[in-house]
Amino acid sequence: TLSLEQDKYAIEAAKLREIEVQINKADKEADVSIKQLGIRNIKEKVLVDYGKNSNAIDSLEVRISEIKKQIAQIEKIKKQVNQEYKKLMIQAVQKYNLASIDTKRFEKIDMKFNPDGTEMNIALVIWLTTLLSLKYKYNKESVVFPLVFDTPNNANITDENEKRIFEVVFDNLPKNGQIITSTIGFDRNLYPKHEISQIIELTEQY
């Protein structure tokens, strides 16, 4: 009987080992399947992300191209503005005989401009009115504010300097613009080609 029991045990043990083999095989197959499913899911996600990123890159490349074109256009306009600024300033220096002004200061519109000497005021008026004329030309949507000069010739008291300064002011009046200024003993007859809408004469000090 012991022998029979041992044989039964051996048979059952063999069955258990076979079951374990099948389970291990199933586990391995399951692991492979799970890994394959995971890899497939990861692959699909990667492909989706790649597609999104690819579209985003294409969109950014288009935007970068547009921005580069805008920058190129701005650089072109800057070059035009600098050339016109230089031309206008040199013409004004020659027209009003400003011998002390170095024309090398007019290479670019953003260069520092600090004139000195007896021609300082007229040079500053020329510079300011030139900047404004370029502003209104290249930015047509800008508001034209009244331009106020508080005694622009106070440091240039000779009659000739006074006349030259007011010629600059009147010659550069923007379209639909208004210039308000003050001086002592103003004579409108010196500027026949300009329409001066109103002169207020003060008879008392202050």
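This report walks through the fold, the salt bridges, the nonpolar core and the pockets of one protein chain.

## The overall fold

The model is predicted. The chain holds three helices and two strands. Read from the N terminus, the elements follow the order α-α-β-α-β. Of the 206 residues in the chain, 22% are buried. Contacts also reach along the sequence: among those between residues at least 6 apart, 57% join residues at least 24 apart.

## Salt bridges

Side chains of opposite charge can pair when their charged atoms come close. How many salt bridges does the chain have? The count comes to four. Three of these pairs are described here, including Lys78 with Glu75.

| Pair | Closest N to O distance |
|---|---|
| Lys78 and Glu75 | 3.7 Å |
| Lys137 and Glu84 | 2.9 Å |
| Lys86 and Glu107 | 3.2 Å |

Take Lys78 and Glu75. Both residues sit in helix 1, which covers residues 2-95. They are three residues apart, about one turn of the helix. Lys78 has a relative accessibility of 44%, so it counts as partly exposed. Glu75, at 42%, is partly exposed too.

Now consider Lys137 and Glu84, whose closest N and O atoms are 2.9 Å apart. This pair links distant parts of the chain. Lys137 belongs to helix 2 (residues 120-138), Glu84 belongs to helix 1, and 53 residues separate them. Is Glu84 buried or exposed? Glu84 is buried, because its relative accessibility is 17% and the cut-off for buried is under 20%. Its partner Lys137 is partly exposed, at 42%.

In the third pair, Lys86 and Glu107 meet with N and O 3.2 Å apart. Lys86 is in helix 1, while Glu107 is in the loop between helix 1 and helix 2, so the salt bridge ties together parts that are 21 residues apart in sequence. Lys86 is partly exposed, with a relative accessible area of 30%. Glu107 is also partly exposed, with 38%.

Glu107 has another contact to note: Asn82 touches it, along with Lys108 and Ile109, when residues up to four places away in sequence are not counted. Asn82 is part of helix 1. With a relative accessibility of 17%, Asn82 counts as buried.

## The nonpolar core

In soluble globular proteins, nonpolar side chains tend to be buried together. In this chain, the largest nonpolar core has 27 residues. Which of them touch the most other members? They are Tyr96, Leu98, Ile101, Phe106, Ile122, Ile126 and Val169.

Several elements build this core. Helix 1, helix 2, strand 1 (147-149) and helix 3 (159-171) each give two or more residues. Helix 2 gives the most, with seven residues.

Ile101 shows how one core member meets its surroundings. Leaving out residues up to four places away in sequence, Ile101 touches Val93, Phe106, Phe113, Pro115, Glu119 and Ala123. One of these, Phe106, is itself among the core residues that touch the most other members.

## The pockets

The largest pocket holds about 930 Å³ of space. Its lining has 23 residues, and the closest to the pocket centre are Thr181, Ile196, Gln198, Ile199 and Ile200. Which element supplies the largest share of this lining? Strand 2 (residues 179-181) does, with three residues. By type, the lining divides into 10 nonpolar, nine polar and four charged residues.

The second largest pocket holds about 170 Å³. Its lining includes Leu88, Gln91, Ala92, Lys95 and Tyr96. Also in the lining are Ile126, Thr129, Thr130 and Ser133, as well as Val168, Asp171 and Asn172. Helix 1, helix 2 and helix 3 each supply at least two of the lining residues. By type, there are five nonpolar, five polar and two charged residues.

Two residues connect this pocket to the core. Tyr96 and Ile126 help line the second largest pocket, and both are among the members of the largest nonpolar core that touch the most others.

How values were computed: Residues are numbered from 1 along each chain as its sequence is written. This is a predicted model: local features need pLDDT of at least 70, side-chain atom pairs count only at pLDDT 80 or more; totals for chains, interfaces and linings use all residues. Side-chain values use heavy atoms; hydrogens and water are left out. A salt bridge is a side-chain nitrogen of Lys or Arg within 4 Å of a carboxyl oxygen of Asp or Glu. Helices (H or I, at least four residues) and strands (E, at least two) are DSSP runs, numbered from the N terminus. Buried means under 20% relative accessible area, exposed over 50%, partly exposed in between (1.4 Å probe, protein chains only). A nonpolar core is a set of buried Ala, Val, Leu, Ile, Met, Phe, Trp, Tyr and Cys residues joined through side-chain atoms within 4.5 Å. Contact means heavy atoms within 4.5 Å. On a 1 Å grid over the protein atoms alone, a cavity is a set of points where a 1.4 Å probe fits but cannot get out, and a pocket is an open set with protein on both sides within 12 Å along at least five of seven lines; lining residues have an atom within 4 Å of a point. Grid points are joined across faces, edges and corners, and a volume is the space filled by probe spheres set on the points. Ala, Val, Leu, Ile, Met, Phe, Trp, Tyr, Cys and Pro count as nonpolar, Asp, Glu, Lys and Arg as charged, and the others, Gly among them, as polar.
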